[in-house]
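The following exercises are meant to be worked through with the sequence and the coordinates at hand. Please attempt each task before reading its solution.

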Amino acid sequence: MLMEHIFGSLNTLQLLCLFLALALALAFEFVNGFHDTANAVATVIYTNSLPPKVAVVWSGLWNLIGVLTSTGAVAFGVIALLPTDLVMNVGSAAGFAMVFSLLISAIIWNLGTWYLGLPASSSHSLIGSILGVGLMNSIITSGGFMSGLNWGQLKNVGLSLLVSPLVGFICTALLFLVMKALIRKPELYKPPEGKEPPPLWIRGLLCLTCTGVSFAHGSNDGQKGMGLLMLILVGIIPGVYALNLSTNADSIHRIVAMSHSANVIFEKHAKGQTVDKDAAESTLTAYLEKSGTYSDGVFAALAEKNGEISQAMNGHQSLWELPENERSDLRKSIYYTSEAINKLKLGKQISDAGEVDSLTKYKTTLDKTTKYIPIWVKFAVALALGCGTMVGWKRIVVTVGEKIGKSHLTYAQGASAELVAWITIQLASKFGLPVSTTHVLSSGVAGAMAANKSGLQKKTLINLLLAWVLTLPVCVFLGAMFFAAGLRIVAHTFTTHVAPHLGH
């Protein structure tokens, strides 16, 4: 009964597809663990503050806590980068090809850079793969090159990935200089001697910053895996995961009441224009893409989709009461309505403050029915991250601890780099933006070394810069190629064996 509640009623082939896709998503998080989380333990290990095994287990524990307490904002921010038509049809052959290709691309690049000991970014690799999938999908479906992607969200994410390493370098350098001026403790600015641990208060400081970075990494990077797992579950088992089935009766009634108020606004701006279901979906899909521009038809389409939400939910005390085959349709209607409301607000197509406030509250309430993460998904991602950290941490730790500066990492340098990384990642998580733990922390170590005039190893910096510059274009290429090839492979198998059974 429990298995059916989690995985629904699937045949053998569907279960195979499900477990293969979930295994790939968790493999990405596993690689992320020994690729990115290793940065969090580098300073405590190389300052002898904690033994390696203790540090790795401790970091894994706080990654777990970070994942479990995360809001999901980053998870759904990453999903928002994907083409609207693929997100809406993730259970199709193209949807399956998308998931497999972006995961395989990111894993290949992460493993390659980890083998070379380069602290490259898992966030960059995943987003590059997503961009490659989106571009290839756009070329295949519309013949265009720039349509089909959420370029507004890509701009925000791109800026966060570009700016965060600069923040790490500059803020760490400044913090280190402030510490040196205010905290007159000579032992804080000396490298460790042999294998002797530092004084207790320094160990406590470094353990605190390691804990903070580990927690922040879990709350940010862990969400990327959660978002991918939810895409897979919604695509293969829509009857169980398309909607948050724990939504209570009061919330359902509130949505129905708010949908009536929203429709008054939509119909007012539609100016008497109406569209059918198919036209509404095509209009909103085009509008949510970069090439889509606002027109009166958007409000007419919103009125149609919003009416579907009200009709589907009206009279129900629980979403479990909805037939399984209707849950995917309701999710689509909610997604289109929520995302279009957000774009209308940003584009200022609605000027009345009262209408904006009403629709904003409606969007927030709607999102709770689709933007949710089951607790078992959080535990699965946290476990993958933790296990990855414990298995493959050493290569990255050696690079961060020994190869960035010309001298050994001091206690103050490690603490300042980790404190800045902790704060930067937490702020990014608050705004739903993915950032690279690797880039923030490694650039922070470089900033601390520069501020202390310790000297920087030119070869390592060149390698880090190359990894940073190459990750995006290489993963774009891999994502695009794997998606194109995957469409051919998946389409036949999916159409013949899987699609006839989905949702049943």
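## Exercise 1: A charged network

Task: Determine how exposed Lys 371 is, and trace the salt bridges in which Lys 371 takes part.

Solution: Lys 371 has a relative accessible area of 30% and is therefore partly exposed, where buried means under 20% relative accessible area, exposed over 50%, and partly exposed in between, with a 1.4 Å probe and protein chains only. Before going on, note that this is a predicted model, in which local features need pLDDT of at least 70 and side-chain atom pairs count only at pLDDT 80 or more, while totals for chains, interfaces and linings use all residues. Residues are numbered from 1 along each chain as its sequence is written, and side-chain values use heavy atoms, with hydrogens and water left out.

The next step is to look for partners. A salt bridge (a side-chain nitrogen of Lys or Arg within 4 Å of a carboxyl oxygen of Asp or Glu) joins the side chains of Glu 339 and Lys 371 at 3.3 Å, N to O. Because Glu 339 lies in helix H14 (residues 324-346) and Lys 371 in the loop between helix H15 (353-370) and helix H16 (375-392), this pair ties together parts that are 32 residues apart in sequence; helices here are DSSP runs (H or I, at least four residues) and strands are runs of E of at least two, numbered from the N terminus. Glu 339 counts as buried, at 15% relative accessibility.

A further salt bridge connects the side chains of Lys 371 and Asp 367 at 4.0 Å, N to O, and Asp 367 is buried, with a relative accessible area of 13%. Through shared partners, salt bridges join Glu 339, Lys 363, Asp 367 and Lys 371 into one network.

## Exercise 2: A buried ion pair

Task: Where in the chain do Lys 305 and Glu 281 lie, and are they buried or exposed?

Solution: The structure holds 7 salt bridges, and one of them brings together the side chains of Lys 305 and Glu 281 at 3.1 Å, N to O. Lys 305 belongs to helix H13 (residues 296-313) and Glu 281 to helix H12, so that the pair, 24 residues apart, links distant parts of the chain. Both Lys 305 and Glu 281 are buried.

## Exercise 3: A tyrosine in a loop

Task: Describe the surroundings of Tyr 189, beginning with its place in the chain.

Solution: Tyr 189 is found in the loop between helix H8 (151-182) and helix H9 (200-236), and with a relative accessible area of 16% Tyr 189 is buried. Not counting residues up to four places away in sequence, Tyr 189 touches Phe 176, Met 179, Lys 180, Ile 183, Thr 410 and Ala 412, a contact being heavy atoms within 4.5 Å.

Turning to polar atoms, the side chain of Tyr 189 places one of them 2.7 Å from the backbone oxygen of Met 179, and a polar atom of the side chain of Tyr 189 also lies 3.3 Å from the backbone nitrogen of Lys 180.

The last step concerns Thr 410, which lies in the loop between helix H17 (394-403) and helix H18 (411-430) and is buried, with a relative accessible area of 5%. With the same sequence neighbours set aside, Thr 410 touches Thr 47, Leu 188, Tyr 189, Lys 190 and Pro 191. Between Tyr 189 and Leu 409 the C-alpha to C-alpha distance is 9.2 Å, although 220 residues separate them in sequence.

## Exercise 4: The nonpolar interior

Task: Which residues of the largest nonpolar core touch the most other members?

Solution: A nonpolar core is a set of buried Ala, Val, Leu, Ile, Met, Phe, Trp, Tyr and Cys residues joined through side-chain atoms within 4.5 Å. The largest has 94 residues, of which Met 98, Leu 102, Met 313 and Leu 330 touch the most other members. Apart from that core lies another, of 19 residues, among them Val 41, Ala 173, Phe 176 and Ile 202.

## Exercise 5: The chain as a whole

Task: What does the secondary structure of the chain come to, and what share of the residues is buried?

Solution: The chain comes to 20 helices and 0 strands, and buried residues make up 58% of its 504 residues. Among contacts between residues at least 6 apart in sequence, 85% join residues at least 24 apart.

Conventions:
Polar contact = N/O pair within 3.5 Å; in protein donor to acceptor, adjacent residues only side chain to side chain.
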